[in-house]
Structure formats: C-alpha cells, structure tokens
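User: Please walk me through the structure below, starting with its open spaces and then turning to its sheets. I would like the cut-offs along the way.

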Amino acid sequence: MSQPPPVLLAVNGTLMRGLELNPNLIGAGATFVRETTTEAAYRLWSIRDRHPAMMRVKEGGGAVAVEVWAVPTAGVARILLQEPPGLSIGKVKLADGSEVLGVLGEPVLCEGQKEITAHGGWRAYLTARSS
C-alpha cells in the first residue's frame with residue numbers, strides 16, 4: 001500500500017527553521033521546501049512575545065514571511081496537537097497564488113495582543129525587538 005503524498009504546510013513562527021518548535025516539524029518527518037510570503041491579505045500578532053498568530057483579513061493585510069514544509073499526512077495532526085492553544089490549521093494563500101495548509105490564529109487569541117504585521121514576519125519582529 002503506497003503512502004499518500006505529503007501535505008504542504010506554511011509556518012510563520014516558532015515552527016520555522018532554527019526556532020523553538022522546529023523539532024516538532026522534524027519529528028513529524030517534515031522536510032523544508034522553500035521560503036516565501038503569503039499574499040498581502042494577512043495580519044500578524046505577537047502573542048505575549050512567545051509566538052505569532054496570523055489571520056486572513058478583508059482589509060489592511062500585508063504579506064507575511066513563511067516557510068513551506070512537506071509533511072507526511074499523519075504528521076499534520078501530530079504537529080497541530082503540539083501547537084500552543086488558539087492556533088489551528090487552515091488554508092493559506094501564498095504570494096504566487098497557490099494555496100497550502102498553514103498555521104493560523106483564532107481571532108480571540110489576537111485580542112489585546114501586539115500587532116506586528118508591519119515587520120513582515122516573526123523573524124523580522126524578533127530582530128527588531130532585540131535591537
């Protein structure tokens with residue numbers, strides 16, 4: 001019996017290479033595909049400066065830096081179960097017009113948190129925060 005093809009998953013925060021939760025991707029058998037951005041329809045928040053949360057919006061969105069990973073289908077659930085509360089898997093549109101699964105934040109998670117969309121991504125925000 002053949003395995004189903006891997007699922008493409010866009011990550012925008014601590015799952016990215018070299019960051020805190022990247023071992024969760026590696027442990028699920030994921031392999032890095034490429035760096036890109038979303039289409040300019042997302043907003044990004046820092047959740048207590050521990051991780052980001054990204055949401056698609058009708059207006060006022062920007063492009064957010066993401067990494068695309070190929071994840072074995074069984075690994076997607078494993079990764080989601082290890083994510084912080086309030087994050088989920090949904091469909092994300094990339095700058096090239098393609099659509100992949102991605103990590104998104106629930107609106108209630110972002111209420112009262114610092115919006116960091118202008119930084120263009122979690123890594124850029126971390127760099128700005130440490131300067």
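User: Happy to start with the pocket. How many nonpolar, polar and charged residues are in the lining of the largest pocket?

Analyst: The classes work like this: Ala, Val, Leu, Ile, Met, Phe, Trp, Tyr, Cys and Pro count as nonpolar, Asp, Glu, Lys and Arg as charged, and the others, Gly among them, as polar. The lining is made up of Thr14, Glu20, Leu21, Ile47, Arg48, Arg50, His51, Pro84, Pro85 and Leu109. By class, these residues divide into five nonpolar, two polar and three charged.

User: What kind of model is this?

Analyst: Residues are numbered from 1 along each chain as its sequence is written, and side-chain values use heavy atoms, with hydrogens and water left out. Local features need pLDDT of at least 70, side-chain atom pairs count only at pLDDT 80 or more, and totals for chains, interfaces and linings use all residues: this is a predicted model.

User: What is the volume of the largest pocket?

Analyst: The search runs on a 1 Å grid over the protein atoms alone, and a pocket is an open set of points with protein on both sides within 12 Å along at least five of seven lines; lining residues have an atom within 4 Å of a point. Points are joined across faces, edges and corners, and a volume is the space filled by probe spheres set on them. For the largest pocket, that comes to about 170 Å³.

User: How much space lies in the largest cavity?

Analyst: A cavity is a set of grid points where a 1.4 Å probe fits but cannot get out. Searching the whole structure turns up one cavity of 30 Å³ or more. The space in the largest cavity is about 60 Å³.

User: Which one residue in the lining of the largest cavity is charged?

Analyst: The lining has five nonpolar, four polar and one charged residues. Its members are Val11, Asn12, Gly13, Thr14, Leu15, His51, Pro52, Glu83, Leu87 and Val103. Since Glu belongs to the charged class, the residue is Glu83.

User: Let's follow Val103 from that lining. Is Val103 buried or exposed?

Analyst: Buried means under 20% relative accessible area and exposed over 50%, with partly exposed in between (1.4 Å probe, protein chains only). Val103 touches Ala10, Val11, Asn12, Leu15, Met54, Glu83, Leu87, Ser88 and Ile89, where touching means heavy atoms within 4.5 Å and residues up to four places away in sequence are not counted. At 6% relative accessibility, Val103 therefore counts as buried.

User: Which residue is the bridge partner of Ile89?

Analyst: Strands (E, at least two residues) and helices (H or I, at least four) are DSSP runs numbered from the N terminus, and two strands pair if DSSP finds at least two bridges between them. Strands β6 and β7 have seven bridges and pair in the antiparallel sense. The partner lies in β7 (residues 99-105): the bridge from Ile89 leads to Val103.

User: What is the strand order of the sheet with five strands?

Analyst: β1 (residues 7-11) pairs with β5 (residues 65-71) in the antiparallel sense over five bridges, and with β7 in the parallel sense over two. The edges are β2 (31-37) and β6 (87-93), each pairing on one side only. This open sheet has mixed pairing and the order β2-β5-β1-β7-β6.

User: At what angle does helix α2 run to β5?

Analyst: Axes are lines fitted to C-alpha atoms, for helices over the stretch in contact, and angles run from 0 to 180 degrees between N-to-C directions. Helix α2 (residues 73-81) lies across β1, β5 and β6, and its angle to β5 is about 130°.

User: Now the open sheet of three strands. What is its order?

Analyst: β3 joins β4 over six antiparallel bridges, with Tyr42 opposite Arg56. On β8, Ser46 has Lys114 as its bridge partner, and Trp45 stands opposite Glu115. The edge strands are β4 (51-56) and β8 (114-115). The pairing is antiparallel, in the order β4-β3-β8.

User: Which residue in the turn between β3 and β4 has a positive phi?

Analyst: β3 and β4 form a hairpin with three residues between them. A phi of about 50° belongs to one residue of that turn, which also lines the largest pocket: Arg48.
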